[in-house]
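Visitor: I am new to protein structures, and I would like to be walked through this one step by step. Could we look at it together?

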Amino acid sequence: MPLTEPHDARFSEEEPVVAAHDAGEAWDARDPDAADGETDAGADDEATGWAVPEPEPTLPEPVRQRIVTLTAAVLPGLPADEVPVPLRRVAKFAPNRRARLGAPAIATQLTADPLFRQRVTARVLADAGDLGAAVVEGTAPAAADPVEVAALAYLARPRGWRELIEASGAAVRAEADSAVVAELVREAEQRATRAEHDRAVARVEAEKLRDELARVREELGQLREEARQLTRTLRETQARERKATEMLATERGRAARAAADVDAELRRARARLAEAEAAAGVARTSAKEARSVDDAKLWLLLETIGQAAVGLRRELALDPVDRLPADFVADAFADQSTTTWAGAAARARDTDDPARLDQLLALPKAHLVVDGYNVTKRGFGEMSLEQQRKRLISGLGGIAAQTGDEVTVVFDGAERIHGLPPAPRGVRVLFSRKGETADELIRRLVRAEPAGRPVVVVSSDREVADGVRRHGAYPLGADSLLRRLARS
């Protein structure tokens, strides 16, 4: 191919460029500057006497690239006035960009400007050394790179330079063909290797498939045997099902007969029940008459005891009392003996059932003692202490009014709280003194009561409950009083 790239129409093979000043192709045979014997131009035009230059040879692509690379390498070393105007900008490019971006301009200038080519050739031959000298003489070492020889021959253009380029092209083509052949051989070897590998893989897969086929056949035999066993099992199951159906029909008949017998027995039982109810009615009537007689006897006994008590009170000259034992504890706050009276433990009970509160309050002259803050903080602790006290005291007033019992509520406090509203009738409000807790005050109130009087202490504190139980009181949990207040 020509030195310039095919896209440059000015230097294509169809329109070769006439190198007006080419030292190797002197188009004017009479030019004194033309080299003697170094031109292989065509025959002179008989009419004009002018020498007609031959067209540029077709350069192999590696040769063209090498020529551009050599020119680009020496381009910055030329004086500025010797560098053609189109290449002055290219000469400023970086070395790695000069040959790549300036290739079209360099090829065009080498073809069109023989003087520029001579200047470039002089520097290239100087850099080439012995190889450049051999090419100028028209010979090329056998071991030399044919591409390098062709590039130097194109630039220097000695005798036979076209033959050198053609030989270089043939060598390049031979190398390309050798490379193609080597690539084909390598591809063939690779295909052969892959084929051998594929055959080996196929053999392995065939072995696996044979093993798998044998395993499948074995499994198929096992499945057939299992199918035969399942068929036998199914037949046996169907036979058992028919037998069970027959037995079920028999049992249903028996069940129907048994149900008839049960219905008859039920009718007889209902008849006996009616007779028993009639007898029970007669017995209830008799019991009612007997209970009326017992009530009459009991009334007569109580009346006798009452008259005896009136006589005893008159005999002992006991005046009516206006102060109760708890009043003395509230007033004096004096330490009392911790001795337990005889028989006091007999009043203790182990139960803490909240339902017993109403039963205990129904006892004659019962005394209800309440651990104030223990109840309020459990039932309505979200309120302030003042609201807790007011709510509990007002609820206890309702209980005192309903039952007529004595009610005492005890709060912790070093001194009485000022501004407390008056307590409802029948409710006593006490505050423990400094250095004393409400628990201790409750125990002293229980110890002050006479033996035999029912005393009910409401507190969820285990120590309080255990302490008052030892003195014969009935301890109950705070929940029993809270439910009683909620019911009120």
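Guide: The questions that follow go from the sheet to a pair of helices and then to the salt bridges, and the model we are looking at is a predicted one.

Visitor: Which strands stand at the edges of the open sheet?

Guide: The open sheet has five strands with parallel pairing, in the order 3-2-1-4-5. A strand at an edge has a single partner strand, so one side of it is left without a neighbour in the sheet. Reading the order from end to end, the edge strands are strand 3 (427-431) and strand 5 (474-476).

Visitor: Inside the sheet, what is the bridge partner of Val369 in strand 2?

Guide: Strand 1 (residues 367-371) and strand 2 (residues 406-411) run parallel and are joined by five bridges. In strand 2, the residue paired with Val369 is Thr408.

Visitor: Which helix packs on the sheet and touches strand 1, strand 2, strand 3 and strand 4?

Guide: The direction of the helix in question makes about 155° with that of strand 2. Its residues are 438-448, and the name asked for is helix 13.

Visitor: Are helix 12 and helix 15 roughly parallel or roughly perpendicular to each other?

Guide: The axes of helix 12 (residues 385-403) and helix 15 (residues 478-487) come within 10 Å and cross at roughly 75°. Because angles of 65 to 115 degrees count as roughly perpendicular, the two helices are, to each other, roughly perpendicular.

Visitor: How do the residues of that contact divide into nonpolar, polar and charged?

Guide: Helix 12 contributes Leu392, Gly395, Leu396, Ile399 and Gln402, while helix 15 contributes Leu481, Arg484 and Leu485. Sorted by kind, these residues of the contact are five nonpolar, two polar and one charged.

Visitor: Is Glu406, which meets Arg453 in a salt bridge, buried or exposed?

Guide: The side chains of Arg453 and Glu406 meet at 2.5 Å, N to O. Arg453 lies in the loop between helix 13 and strand 4 and Glu406 in strand 2, so the pair ties together parts that are 47 residues apart in sequence. Since buried means under 20% relative accessible area, Glu406, at 8%, is buried.

Visitor: Which residues do salt bridges that share partners join into one network with Arg453?

Guide: Besides its salt bridge with Glu406, Arg453 meets the side chain of Glu449 in a salt bridge of 2.8 Å, N to O. Glu449 is buried, with a relative accessible area of 0%. The residues joined with Arg453 into one network are Glu406, Arg428 and Glu449.

Terms used. Residues numbered from 1 in each chain as written. Predicted model: local features only at pLDDT ≥ 70, side-chain atom pairs only at ≥ 80, totals over all residues. Heavy atoms only, no water. Pairing = 2+ DSSP bridges. Helix = DSSP H or I, 4+ residues; strand = E, 2+ residues; numbered from the N terminus. Contact = heavy atoms within 4.5 Å. Axes fitted to C-alpha atoms, helices over the stretch in contact; angles between N-to-C directions. Parallel < 35°, antiparallel > 145°, perpendicular 65-115°, else oblique. Nonpolar A, V, L, I, M, F, W, Y, C, P; charged D, E, K, R; others polar. Salt bridge = Lys/Arg side-chain N within 4 Å of Asp/Glu carboxyl O. Buried < 20%, exposed > 50% of the residue type's maximum accessible area, 1.4 Å probe, protein only.
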